[in-house]
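Visitor: I have a new chain on my screen and some words I would like explained. Could you walk me through how each label is earned?

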Amino acid sequence: MLQDNRSEVRKVLLITLFLNLLVMGLKAGVGIKIGSLSLQADALHSVTDSANNILGLIANRFSSPHPDREHPYGHQKYQAVGALGIAAFLAIACFEIIQGAIERIWRGGKPVEVSGPELWIILMVLGINIFVAYYERSVGKRLGSPILIADAYHTMSDIWITITVMVGLIGIWQGNIWHLPQLQWLDVILAFPVAFLVFYSGREVIKENLPWLVDEMAIDPEKIHQIVMEVPGVINCHDIASRGVLGRQVFMEMHLIVDAKDVDSAHIITEQVESRLEKQFSPVRIIIHVEPPDYQSDHISFEAEPS
């Protein structure tokens, strides 16, 4: 049975929005103060964190799992659309980071001046990011919320970005102490792996949510066929199709041939089929078309007729 967990998802998004705004302000303030391109790029990435939370709140508002007259299959694709919006924000952040690094290489810039207090602030920011990622991912997995899971992926990329930036700034800090101006290039060089991590995190979000939007096969038809054929009274099962995302919501249809002399007997067998499939793949909605006993077909999956 589907449960409406939107109120809990909204609570998580509001908490993480506040924390992401705090992180963004700290990174931007320190980055501008010390003149660090990589830290300012990291702050830009945190801007997308906050935007993602707002986008998630909007998507969550319209993503009721319960069907209605206008949306007989439910509203859960709104969450997948919201997750793809997160991927779009990540792509923008990646472009901005690379553009800023190339401009610094081409035009140069002021040297980065970093000291111990700034590094401690960045370490505190890292701790906040770790908490947000763990919190969103654990609640997202428990509730089956693609918005929270996608946002947790985004925050995980923020953690690695902050670690990368912090390592570079520590190197620059030591370079200033040891009078090694060459280490100033760490700030620009490390901006590129930051961009790569942003891109990778967006790719993972798309990979997880695109199948929902394009109605990709959710479950192998052979696996469904095997389960159905174990039900007593089933002669054959064919033209099997499924869509959705396993663990969120699956829609399934099939044609069934049963050993039954009347409609009531056929109905009992189809209910047993539905019960087994629901136990294995819940939440799932199933449509079964019962064929005449003498009907024959060897197409397990739902296939188009050859042209």
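Guide: Gladly, and let us begin with burial: a residue is called buried under 20% relative accessible area, exposed over 50%, and partly exposed in between. Please keep in mind that this is a predicted model.

Visitor: Then why is proline 111 called partly exposed?

Guide: Its relative accessible area is 49%. Partly exposed covers what lies between under 20% and over 50%, so proline 111 falls into that class. Proline 111 sits in the loop between α3 and α4 (116-143).

Visitor: What does proline 111 touch, leaving out residues up to four places away in sequence?

Guide: Proline 111 touches Ile34 and Gln184. A contact here means heavy atoms within 4.5 Å. Proline 111 and glutamine 184 are 73 residues apart in sequence, yet their C-alpha atoms are 6.6 Å apart in space.

Visitor: How do you know whether histidine 179 is buried or exposed?

Guide: Its relative accessibility is 68%, and exposed means over 50%, so histidine 179 counts as exposed. You will find histidine 179 in the loop between α5 (146-178) and α6 (185-189).

Visitor: What is notable about the phi of histidine 179?

Guide: The phi of histidine 179 is positive, about 60°, although this residue is not a glycine. Aspartate 239 also has a positive phi, about 50°, and is not a glycine either.

Visitor: Where does aspartate 239 lie, and is it buried or exposed?

Guide: Aspartate 239 lies in strand β1 (residues 234-245). With a relative accessible area of 16% against a limit of under 20% for buried, aspartate 239 is therefore buried.

Visitor: What makes glycine 100 count as buried?

Guide: The reasoning is alike: glycine 100 has 17% relative accessibility, and buried means under 20%, so glycine 100 gets that label. Glycine 100 belongs to helix α3 (residues 77-107). Its C-alpha atom is separated by 7.9 Å from that of alanine 41, and the two residues are 59 residues apart along the chain.

Visitor: And why is threonine 164 called buried?

Guide: Its relative accessible area is 18%, and the class takes values under 20%, so threonine 164 is buried. Threonine 164 is found in helix α5. Leaving out residues up to four places away in sequence, threonine 164 touches Leu190, Pro193, Val194 and Leu197.

Visitor: How do you know that isoleucine 257 is buried?

Guide: Here the relative accessible area is 1%, set against the limit of under 20%, so isoleucine 257 is buried. Isoleucine 257 is found in strand β2 (residues 249-258). Not counting residues up to four places away in sequence, isoleucine 257 touches several residues, among them Val234, Ile235, His238, Glu291 and Tyr295.

Visitor: Stepping back to the whole chain, how many helices and strands are there?

Guide: There are 9 helices and 3 strands in the chain. Read along the sequence, the pattern is α-α-α-α-α-α-α-α-β-β-α-β.

Visitor: What makes the chain more spread out than a compact globule?

Guide: The radius of gyration is 26 Å, whereas the globule rule gives 19 Å for 307 residues; the chain is well over that value, so it is more spread out than a compact globule. Along its principal axes, the C-alpha trace spans about 90 × 45 × 30 Å. Buried residues make up 46% of the 307 residues.

Visitor: Which bond in this chain is cis?

Guide: The peptide bond from serine 282 to proline 283 is cis, with omega near 0°. Proline 283 has its place in the loop between α9 (263-281) and β3 (284-291).

Visitor: Which residues does UniProt list as transmembrane region?

Guide: An unreviewed UniProt entry places that feature at residues 12-32, 78-98, 119-135, 155-173 and 185-202. In the model, residues 12-32 are 100% helix, with end C-alpha atoms 30 Å apart. Residues 119-135 are 100% helix too, with end C-alpha atoms 25 Å apart.

Visitor: And what does UniProt list for residues 222-292?

Guide: The unreviewed entry gives "domain: Cation efflux protein cytoplasmic" for residues 222-292. In the model, residues 222-292 are 38% helix and 42% strand.

How values were computed:
Residues numbered from 1 in each chain as written. Predicted model: local features only at pLDDT ≥ 70, side-chain atom pairs only at ≥ 80, totals over all residues. Heavy atoms only, no water. Helix = DSSP H or I, 4+ residues; strand = E, 2+ residues; numbered from the N terminus. Rg over C-alpha atoms; globule rule 2.2 N^0.38 Å. Buried < 20%, exposed > 50% of the residue type's maximum accessible area, 1.4 Å probe, protein only. UniProt positions renumbered as here; feature names shortened; annotations may be inferred.
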